[in-house]
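Biologist: Please show me the model, and then let us go through it by question and answer.

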Protein chains: 2
Amino acid sequence: MKQQAIFKALADPSRRRILKLLRGGSKTAGELADAFDFSAASLSHHFAVLKAAELVRTERRGQYIVYSLNTSVFEDVSSLVMELFTTREVGKK
Amino acid sequence: MKQQAIFKALADPSRRRILKLLRGGSKTAGELADAFDFSAASLSHHFAVLKAAELVRTERRGQYIVYSLNTSVFEDVSSLVMELFTTREVGKK
DNA sequence: CCTTTAATTAGAAATATGTCTAAATATCTA
DNA sequence: TAGATATTTAGACATATTTCTAATTAAAGG
């Protein structure tokens, strides 16, 4: 789990918006791009950051590349946040 | 609640470390500074970022300034994270 | 094949961030 | 009040981030 990459990825509002758009189901890069004002290249950069943090997964479907939420990291993110605020518990791994 | 300020604040590893140091109880700026290699001025900058996000509170005690975790934001942070990953629920406020 | 469409990569430019030293502010104590 | 200690503010500088346009890669379909 890439803690720094995760927090870095979440720090940008556009990237958080991308994640929210993906909650409803997977979307192609182009469909996501429609929701934003900037260039496909810029979006692509944001995708790369989200991928590095393993917050999204990708799959090529013909010409398209389909992005989806990697919900399995959700638990990781939650516990990272928890660790910041709660006193060390017993039985910690 | 300052969503962007919160995520921005959490993006830096030193700031996350400051929060963890404060889990054990409040500390003065100087006590916190001891845990780091960089200058008091740099630390002070990080404190300002954490304060802007309302993640920490401060109180002057004589010459010292005492920092403490603002645990009441913890819920906010948790639900922000939750919103990124979970499908919109019913009865949302 | 060649063209079109979808998306990423490369490289440049502007802005933001993290760090430093020096100076300023606040409080304590002799 | 003057000096010492604790901390923040100001200003500078290097690095990182975000965005762009142009070029590249990949697949589809005539």
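Modeller: What follows covers the strands, the DNA surface and the symmetry. This is a predicted model, in which local features need pLDDT of at least 70, side-chain atom pairs count only at pLDDT 80 or more, and totals for chains, interfaces and linings use all residues. Residues are numbered from 1 along each chain as its sequence is written, with chains lettered from A and ligands numbered from 1 in the order in which they are written.

Biologist: How many bridges join strand S2 of chain A to S3(A)?

Modeller: Strands are DSSP runs (E, at least two residues), numbered from the N terminus, and two of them pair if DSSP finds at least two bridges between them. S2 (residues 56-61) runs antiparallel to S3(A), and Arg57(A) has Ser68(A) as its bridge partner there. The number of bridges joining S2 to S3(A) is 6.

Biologist: Which helix gives the most to the surface near DNA strand D?

Modeller: Near means that the C-beta atom, placed from the backbone, lies within 6 Å, and helices are DSSP runs (H or I) of at least four residues. Among the elements that each supply at least two residues are helix H4 (40-52) of chain A and helix H3 (29-34) of chain B. The most, 5 residues, comes from H4(B).

Biologist: What axis relates chain B to chain A?

Modeller: Copies are superposed by least squares on the C-alpha atoms of residues with pLDDT of at least 70 in both. Chain B can be laid on chain A with an RMSD of 0.0 Å, by a turn of 180 degrees and a shift of 0.0 Å along the axis. That is the relation of a two-fold axis.
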